[in-house]
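Reader: Would you please take a close look at a single chain of this model? I should like a connected account of the contacts that it makes.

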Amino acid sequence: MKIRIKFTKHGALKFIGHLDVMRYFQKAIRRSGIDVAYSTGFSPHQIMSFAAPLGVGLTSDGEYFDLEVHSVTSSEDMKKRLNDTMADGIEILSVLALPEKCKNAMASVAAAGYEISFREGHEPKFSIAEAIGHFLDRDQVLYIKKTQKNEITLDLKQSVYKIGLTNDNRIFLLVDASSAGNIKPIMVMEALYREYDEIPGDFDFCIHRTETYLRDEDGTLKPLDSIGQAI
Amino acid sequence: MRKLALPEEVLLTIEKPARYIGNEINSVIKDKNRVDIRFCMCFPDVYEIGMSHLGIQILYDMFNQWEDTWCERVYSPWMDADHILREKNIPLFALESQDPIKNFDFLGITIQYEMCYTNILQVLDLSNIPLVAAERTWDDPIVIGGGPCTYNPEPIADFFDLFYIGEGETQYRNLLDLYKEMRAKNATREEFLIEAGKLPGIYAPSFYVVTYQEDGTIADMQPTVPGLPKTILKEIVTDVSETYYPLKPVVPFIKCTQDRVVLEIQRGCIRGCRFCQAGQLYRPVRERNVDLLKKYAVAMLDNTGHEEISLSSLSSSDYSELPELVNFLIDECREKKVNISLPSLRIDAFSLDVMSKVQDIKKSSLTFAPEAGTQRLRNVINKGLTEPVILNGAIQAFEGGWTRVKLYFMLGLPTETNEDIRGIAELANKIAAAFFETVPKEKRREKVQIVVSTSFFIPKPFTPFQWATMYHKEDYIEKAYQTRQAISEQLNQRSIKYNWHEADVSVLEGVFARGDRKLGKVLLNAYKRGCYFDAWSEFYKHEEWLKAFEECNIDIDFYTTRERSLDEVFPWDFIDCGVTKEFLKKEWLRAHEESVTPNCKVQCNACGAARFGCGICFEERGTAE
């Protein structure tokens with residue numbers, strides 16, 4: 001059976017890249033004693049699927065991966081076993097059983113929520129509220145995404161589902177994070193700055209992912225663990 | 001969140017920030033206000049190399065078991081971080097507390113190879129610790145060196161307050177107790193260093209004076225303070241089953257060279273190859289109890305979550321309980337889905353059977369280290385491997401499905417002739433031919449591939465070859481060229497690939513291996529010219545090194561190509577590693593007679609290591625004639 005694990009990534013752990021986080025969890029699962037399933041062959045590996053890779057430097061409260069297991073104890077027990085062996089900066093929030101037939105974590109990702117704050121001394125010269133207003137007023141916000149092979153022009157209006165300011169002046173975003181659309185928060189920020197003929201610097205923002213979403217049959221966005229069942 | 005020494009902007013711009021943040025699983029955090037001694041362990045190379053070193057893991061675990069001590073780690077910052085630390089004036093820091101190294105009581109540096117000597121200076125420099133020991137005060141940590149290179153500490157003697165000669169498990173407790181006691185009494189730094197120098201295995205270099213002959217060789221070396229020993233006897237763990245072993249080693253976030261559980265099954269080697277320093281330094285052979293090793297293996301796998309385990313020793317096939325241990329691991333690891341890696345196994349029926357169980361034959365290769373191309377030269381170096389044994393092993397392996405064979409040789413060994421170099425090519429050719437004879441055409445699923453690698457032989461202290469002469473760079477290149485030429489003339493040359501090491505670094509390594517105190521100023525000069533990370537070819541600055549030697553008026557040939565007489569006093573003669581100079585001399589002469597000396601299991605050859613009263617020296621076997 002498959003379980004879905006939700007975790008956070010904070011502190012110094014934000015400097016650990018996605019591939020190393022995967023390696024970290026492979027070892028952590030071994031330490032935890034969870035009855036994980038392995039592939040066959042000379043170098044057996046755990047059958048796992050990570051949702052949406054988080055870039056180096058970002059923190060998160062809504063990371064997920066799926067794990068194939070032979071047997072389970074209880075959600076609470078498995079969560080505790082994992083948390084007992086976590087490094088400072090990663091916390092397991094939930095361990096839930098997945099229904100028989102469902103897409104794996106990676107294929108399920110439809111959207112991601114972010115909160116973006118400005119590093120001290122790196123605040124923009126213009127009003128960010130006004131910039132968001134401009135963004136919302138436009139029919140189309142084109143963005144040229146450069147990939148290794150070519151350039152693709154996207155309309156951010158189609159893939160930014162929500163944008164606004166929190167009470168303490170942080171920007172919140174809900175964007176397409178599916179493999180087809182995948183919008184990075186920095187792309188949206190570049191579009192906001194472009195209105196004022198400015199380009200944001202590499203270290204202007206602290207970017208925090210708040211949640212990763214799937215789209216259910218009705219088309220509504222729900223957290224990735226919404227289809228899981230406590231054991 | 002724990003404070004980090006490097007600002008976020010820096011961590012996000014440098015390569016692999018995980019090298020500098022600490023916080024790894026099983027790393028130890030203590031309250032610095034509740035310990036008496038802060039010890040920082042350093043491996044002066046990049047994190048991924050340093051984290052793979054077992055010795056530091058053992059000592060880290062030992063120190064942290066002591067309530068009064070907090071041991072942390074530091075490695076050489078990679079060039080990108082190095083430049084930023086200098087530019088922004090950020091002092092080098094320990095991974096755990098992220099505190100400056102300068103604030104520590106001790107900085108312990110393990111010295112595993114000569115080409116890291118300048119990285120020691122890099123670490124001291126970035127820590128704002130005076131490079132030269134004589135300029136340090138109580139504001140600086142006690143800088144203590146350990147590891148194989150400290151068996152000839154003289155080239156780096158200027159930079160260390162103390163050296164620990166031998167295995168670290170035995171004297172550190174005494175040293176730390178002495179430190180606490182003398183700090184409490186408000187002793188001077190000098191008073192402490194003198195008292196430390198009286199402890200077994202501890203060498204305090206600043207209280208020794210060396211006098212030289214007219215020809216530049218050593219006349220004498222004497223302590224300048226009464227009570228300090230004239231010779232330092234190495235420290236050794238007599239019972240390796242009753243000592244420290246790290247059951248919870250630190251698990252790095254990033255992939256390191258050694259990304260696995262390392263189980264040290266024994267110390268020392270029975271073989272006595274005449275070029276091998278480790279084979280003499282770590283005598284006598286001491287085996288760990290097999291039941292204990294089984295327990296260790298399970299505990300370490302559980303505590304780290306590593307997906308691979310490796311056995312560590314100089315010659316695993318000589319471990320008497322190897323079949324029992326390996327069979328246990330095969331069963332245990334099958335269940336845990338853990339891979340087993342078995343380096344340094346002799347190729348025979350047993351090892352082939354084991355390897356076929358633990359590896360994918362299609363992906364793995366077999367390794368032989370004949371070290372020399374002819375039987376004559378193999379007798380000179382006392383490498384007990386014969387051609388029939390190699391061919392037999394290869395044939396069995398080909399029958400078992402292997403198609404890839406790696407062969408390791410050394411060029412520039414004492415008494416080497418052109419015929420010995422040709423022998424390398426011919427042996428490789430015979431192995432390839434054995435494949436075509438053994439495996440019928442219809443069964444040859446993959447091409448046979450023989451990879452020949454050569455390194456240049458570098459004479460090391462405390463080996464029978466410590467009297468050997470080296471060659472010039474051009475001669476080494478010529479030898480590699482000859483090898484390549486000879487391989488290209490073989491019938492099966494298409495199946496043979498040849499790799500060789502660079503010659504520049506080999507000459508330099510040779511200088512420092514058998515160097516003396518006069519070399520300290522060359523190291524300092526070279527470091528100031530920007531030479532460090534010399535073990536990394538992309539950073540190795542040969543021209544700058546040559547300038548440093550020239551400016552210091554030091555002749556490289558004195559250390560490399562000069563003939564050393566049998567009665568020359570060597571810079572390392574004041575250290576006693578157990579094996580006597582008389583024995584080494586006898587072995588050097590036997591090498592020239594091309595006679596083989598039996599290994600320690602066959603008979604005792606009275607090398608001197610029996611004085612430690614332990615290990616194989618006290619097992620029943622034959623005696624020297």
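Author: The account below takes up a pair of helices in chain B and then the contact of chain B with chain A. The model is predicted, with local features needing pLDDT of at least 70 and side-chain atom pairs pLDDT 80 or more, while totals for chains, interfaces and linings use all residues. Residues are numbered from 1 along each chain as its sequence is written, chains are lettered from A and ligands numbered from 1, both in the order written.

In chain B, helix α15 (residues 473-488) and helix α16 (residues 503-513) have axes that come within 9 Å and cross at roughly 130°. Helices here are DSSP runs of H or I, at least four residues, numbered from the N terminus; axes are fitted to C-alpha atoms over the stretch in contact, with angles from 0 to 180 degrees between N-to-C directions. The two helices, α15(B) and α16(B), are therefore oblique to each other (neither under 35, over 145, nor 65 to 115 degrees). The crossing of α15(B) past α16(B) is right-handed (the near helix turned clockwise from the far one by less than a right angle).

From α15(B), Lys473(B), Tyr476(B) and Ile477(B) meet residues of α16(B), namely Ala503(B), Asp504(B), Ser506(B) and Val507(B) (contact: C-beta atoms, placed from the backbone, within 7 Å). This helix contact comprises 4 nonpolar, 1 polar and 2 charged residues (nonpolar: Ala, Val, Leu, Ile, Met, Phe, Trp, Tyr, Cys, Pro; charged: Asp, Glu, Lys, Arg; polar: the others, Gly among them).

Where chain B touches chain A, 26 residues of chain B and 22 residues of chain A take part. On the chain B side, α1 (8-13) and α9 (290-304) are the elements giving two or more residues. That side holds 11 nonpolar, 7 polar and 8 charged residues.

Conventions. Two residues are in contact if their C-beta atoms, placed from the backbone, lie within 7 Å.
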